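Reader: Could you pick one part of this model and take a close look at it with me? I'd like to know what is around it, and please give me the cut-offs as you go.

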Amino acid sequence: IARQATESGLDEIILIGKYFYAFKDKLKATFFEAPAEAAAYLQQQGIKDNLILLKGSRGMKLESLLEFL
C-alpha cells in the first residue's frame, strides 16, 4: 500500500504506524510512529480543502486525527 501511494502522484503522503515507519528511508512520504505525532504535524500544517484518505487498523485510533483535518 505504501509503495502504491508513493507512486500515485499525490501531493503529500502521510504514513502512520510502526510497520510503515520501517520504510521511512525507502519511500518518499512523511512518516510517524504514532497518531499523536501525526496530530501535531497536522495542527502545524493547517491542512484545509484537501482530499484525504485516512486508513488504518482500528487499534491505531486514527479517528483522533479527524479534528485536525
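Author: Happy to! Helices (H or I, at least four residues) and strands (E, at least two) are DSSP runs, numbered from the N terminus. The model is predicted, so local features need pLDDT of at least 70 and side-chain atom pairs count only at pLDDT 80 or more, while totals for chains, interfaces and linings use all residues. Residues are numbered from 1 along each chain as its sequence is written, and side-chain values use heavy atoms, with hydrogens and water left out.

Let's look at helix H3, which spans residues 35-45. Its buried residues (under 20% relative accessible area with a 1.4 Å probe, protein chains only; exposed is over 50%, partly exposed in between) are Pro 35, Ala 38, Ala 39, Tyr 41 and Leu 42. They sit on the same side of H3, because the arc they cover around the axis is only 165° (taken from the directions from the helix axis to the C-beta atoms). On the face turned away from that buried side you will find the exposed residues Ala 36, Gln 43 and Gln 44.

What does the buried side meet? Its residues pack against two strands, E1 (14-16) and E2 (30-32), where contact means heavy atoms within 4.5 Å. H3 also gives the largest share, four residues, to the largest nonpolar core. That core (buried Ala, Val, Leu, Ile, Met, Phe, Trp, Tyr and Cys residues joined through side-chain atoms within 4.5 Å) has 10 members: Ile 16, Phe 32, Ala 38, Ala 39, Tyr 41, Leu 42, Ile 47, Leu 62, Leu 65 and Phe 68. Leu 65 is a handy one to click on: leaving aside residues up to four places away in sequence, Leu 65 touches Pro 35, Ala 38, Ala 39 and Leu 42, as well as Ile 16 and Leu 54.

Tyr 41 brings in the aromatic side of the story. Rings of Phe, Tyr and Trp (its six-membered ring) pair if their centres lie within 6.5 Å, and planes under 30 degrees apart count as stacked, over 60 as edge-to-face and the rest as tilted. This rule gives one aromatic pair. Phe 32 and Tyr 41 have ring centres 5.3 Å apart and planes at 45°, so the pair is tilted. Both Phe 32 and Tyr 41 are buried.

There is also a second, separate core of six residues, among them Ala 5, Ile 13, Leu 27 and Phe 31. Ile 13 lies in the loop between helix H1 (2-6) and E1, and counts as buried at 11% relative accessibility. Beyond residues up to four places away in sequence, Ile 13 touches Ala 5, Thr 6, Ala 29 and Thr 30. From Ile 13 to Ala 40, 27 residues apart in sequence, the C-alpha distance is 16 Å.

Finally, let's leave the helix. H3 is followed by Gly 46, with a positive phi near 60°. Further on, the segment after H3 holds Leu 53, which is exposed with a relative accessible area of 76%. The C-alpha atoms of Leu 53 and Ile 14 are 9.7 Å apart, though 39 residues separate them along the chain. Lys 61 also lies in the segment after H3. Most residues other than glycine have a negative phi. Lys 61 is not a glycine, yet its phi is positive, about 55°.
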